[in-house]
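I opened this model to look up how its chains are related and where its pockets lie. My entries follow in the order in which I looked.

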2 protein chains.
Amino acid sequence: MAEEKNTNKGEENMIFVGKKPSMAYVLACVTQFNNGNKEVHIKARGKSISRAVDVAEITRNKFVTDAKVKEITIGTDEIEGENGEKINVSTIDIVLAK
Amino acid sequence: MAEEKNTNKGEENMIFVGKKPSMAYVLACVTQFNNGNKEVHIKARGKSISRAVDVAEITRNKFVTDAKVKEITIGTDEIEGENGEKINVSTIDIVLAK
């Protein structure tokens with residue numbers, strides 16, 4: 001409550017990695033750190049998980065060299081397929097922290 | 001030295017995930033646990049990283065339900081491309097443990 005900076009309550013330090021080139025998400029991470037965030041969560045599902053790892057590695061090796069991998073969590077989300085069937089999809093959450 | 005079970009020194013509890021269907025690697029994991037291993041390392045590079053996460057999730061959710069994710073490590077390997085140029089590729093090591 002004390003320091004609400006924007007309206008994306010609690011999501012300002014999260015990067016959702018999808019199908020764009022990795023560098024788009026790397027730039028988003030670097031921007032979050034430059035805005036003063038001490039932690040950034042890099043999240044992805046399914047085939048984008050590999051790209052999320054690339055984003056974390058490129059960010060900490062090339063751009064924010066004082067950031068470390070603080071925690072990595074994997075999980076499973078159940079989503080609904082085209083015909084209403086349940087599909088399990090893997091998820092990852094990589095926390096980079098200064 | 002005391003209990004060397006096979007000749008793959010130190011690699012007997014490692015599963016290298018590549019391009020086969022996930023269930024091939026899940027079966028390998030389950031076999032490792034059934035052979036008495038308390039820990040299995042699931043490793044992958046590049047685009048296979050997503051599949052490694054699938055393998056870990058399917059193994060612990062469906063087959064070895066007393067196994068937990070003990071540790072996840074990400075890194076970068078430098079490999080040589082077709083024309084001798086250096087290419088960075090991301091890596092993952094997921095440790096499942098009973």
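Entry 1, the interface. I began with how the copies meet. I found that 95% of the interface residues of chain A are also interface residues in chain B, so the copies meet through the same surface. Contact here means heavy atoms within 4.5 Å.

Entry 2, ground rules. I noted that this is a predicted model, in which local features need pLDDT of at least 70, side-chain atom pairs count only at pLDDT 80 or more, and totals for chains, interfaces and linings use all residues. Residues are numbered from 1 along each chain as its sequence is written, chains are lettered from A and ligands numbered from 1 in the order in which they are written, and side-chain values use heavy atoms, with hydrogens and water left out.

Entry 3, symmetry. I looked up the operation that puts chain A on chain B: a rotation of 180 degrees with 0.0 Å of shift along its axis, at an RMSD of 0.0 Å. That is the relation of a two-fold axis. In chain A, the C-alpha nearest the axis belongs to A:Ser50, at 2.7 Å. The superposition is by least squares on the C-alpha atoms of residues with pLDDT of at least 70 in both copies.

Entry 4, A:Ser50. I followed this residue further and found it in helix α2 of chain A. A:Ser50 counts as buried at 6% relative accessibility. Buried means under 20% relative accessible area, exposed over 50%, and partly exposed in between (1.4 Å probe, protein chains only). Not counting residues up to four places away in sequence, A:Ser50 touches B:Gly46, B:Lys47, B:Ile49 and B:Ser50.

Entry 5, the fold of chain A. I read two helices and four strands, in the pattern β-α-β-α-β-β along the sequence. These are DSSP runs numbered from the N terminus (helices H or I, at least four residues; strands E, at least two). Of the 98 residues of chain A, 41% count as buried.

Entry 6, the core. Which residues have the most contacts inside the largest nonpolar core? They are A:Ile42, A:Ile92, A:Ile94, B:Ile42, B:Ile92 and B:Ile94, in a core of 44 residues. Such a core is a set of buried Ala, Val, Leu, Ile, Met, Phe, Trp, Tyr and Cys residues joined through side-chain atoms within 4.5 Å. Leaving aside neighbours within four places in sequence, the contacts of A:Ile92 include A:Ile42, A:Ile74 and B:Ile92.

Entry 7, the largest pocket. I noted about 570 Å³ of space in the largest pocket. Of its 23 lining residues, the closest to the centre are A:Gly46, A:Lys47, B:Ser50, B:Arg51 and B:Asp54. α2(B) gives the most to this lining, with seven residues. On a 1 Å grid over the protein atoms alone, a pocket is an open set of points where a 1.4 Å probe fits, with protein on both sides within 12 Å along at least five of seven lines; lining residues have an atom within 4 Å of a point. A volume is the space filled by probe spheres set on the points, which are joined across faces, edges and corners.

Entry 8, the second largest pocket. I noted about 240 Å³ of space there. The largest share of its lining, five residues, comes from α2(A). Among the lining residues are A:Asp54, A:Glu57, B:Asn88 and B:Ser90.
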